[in-house]
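Got the viewer open? Let's take a short walk through the model, one selection at a time.

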Amino acid sequence: MILVFCELKEGKIRKASLEALSEARRLSGDATVAALFVGASCAGAEEAAKYGADSIFKVEAPALGAYSSDLFAAVIAEAVKAKGGTALLGAATPLGKDVLPRVAAKLDAGYAAEVTCLAMVGPKLQAARPVYAGKAFATVDFNSEIQVASTRPNVFAAAECPKAGATETLPAPTLGFKAIVKEILAKGGGKQDLTEADVIVSGGRGLKEGENFKLLEALAEAIGGVVGASRAAVDAGWGIPHSMQVGQTGKVVSPTLYIACGISGAIQHVAGMSGSKVIVAINKDPEAPIFKLADYGIVGDLFEVVPELTKAAKALAITK
Ligand SMILES: Cc1cc2nc3c(=O)[nH]c(=O)nc-3n(C[C@H](O)[C@H](O)[C@H](O)COP(=O)(O)OP(=O)(O)OC[C@H]3O[C@@H](n4cnc5c(N)ncnc54)[C@H](O)[C@@H]3O)c2cc1C
């Protein structure tokens, strides 16, 4: 049985979790796939049936309302043992990246992080994952009985494949834990997560200062997108948070439309956005490497081009 640890956000399964679940379905053929949910309430978990879950396991307890590394890792590891899971998948979200290696350690299982390709070789998983900023791929075989892997968001397709989705509630933990997280205060803004955005307008060092990101926000608003950034912009001390960074050490995104403004196209940036369907680059340097990747390139000053695009988008009333 392949278990897939799924995350819920506001009563909906996160897209990255649906991708992991769909991949488990594809890999397992006729074997059982189970979706595992952990939280104070797992309302919304039933949607997993639509994406290929034969079974849906819920572990619900008030103490699981806020994420805690040791508690979640213990609960997930227990569920894998109790259900006889041979493989555990989960999305490489910030939570997944934190908890899944811990679960693997508890299960004495091999772990492959941020995989971009999975296959079954006999009864075991085989994974491929990018290394050296995406310049090469490593193939990972597991020696352990149980195999654990996190799937890179926006790489696998979330495909509907309706199954029974029989729901079972597993016992909540009764162990005493060293720390219980009482509350997590989210940073304000409530903006859509970059990894789940369909349209992204990103800015780099060419923006010259943080204040100028307002130009990108105006364009993003006009076309129903969110704003991202290069590491140079994040590191420049302009008040651009790391959560907006796209790239090897930021987020991996694959929107339908990615507009790179004043971004040169360094390999570490490209590692995070090359999966975008349509890439538009705005750069005043015609030799900028980003143009090699772009579907559409505008050689020009972003301070002139971006406001023009915003004006045109508003005139066309392009809203998502
Ligand atoms: C281990 C490691 C990890 C890294 N991880 C990341 C990562 O996750 N994400 C990331 O982005 N980078 C990452 N980097 C940094 C990366 O190597 C580059 O330094 C960075 O991406 C450059 O950002 P940039 O394109 O904004 O700046 P630059 O390379 O300085 O490019 C600025 C561009 O703006 C253009 N420009 C300037 N003015 C204008 C104007 N008025 N109009 C139009 N164009 C203009 C210039 O022609 C230039 O092409 C990493 C580096 C290392 C070593």
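Start by selecting the ligand and its shell, meaning residues with a heavy atom within 4 Å of it. That picks up 26 residues, of which R205, S230, T249, S264 and N283 come nearest. Keep in mind that this is a predicted model: local features need pLDDT of at least 70, side-chain atom pairs count only at pLDDT 80 or more, and totals for chains, interfaces and linings use all residues. Numbering runs from 1 along each chain as its sequence is written, and side-chain values use heavy atoms, with hydrogens and water left out.

Color the shell by class and you'll see six nonpolar, 14 polar and six charged residues (Ala, Val, Leu, Ile, Met, Phe, Trp, Tyr, Cys and Pro are nonpolar; Asp, Glu, Lys and Arg charged; the others, Gly among them, polar).

Next, show helices (DSSP H or I runs of at least four residues, numbered from the N terminus). At least two shell residues come from each of α5 (231-235), α6 (267-273) and α8 (302-316).

Now zoom in on polar contacts, N or O pairs within 3.5 Å. The side chain of S230 puts a polar atom 2.6 Å from a ligand oxygen. For N283, the side-chain N or O sits 2.7 Å from an oxygen of the ligand. At H269 the corresponding distance to a ligand oxygen is 2.9 Å.

Finally, zoom out and color domain 1 (2-170) and domain 2 (194-316), bounds that come from an automatic or database assignment. Their C-alpha centres are 31 Å apart. Seven domain 1 residues contact eight in domain 2, counting heavy atoms within 4.5 Å.

Note on methods: Polar contact = N/O pair within 3.5 Å; in protein donor to acceptor, adjacent residues only side chain to side chain.
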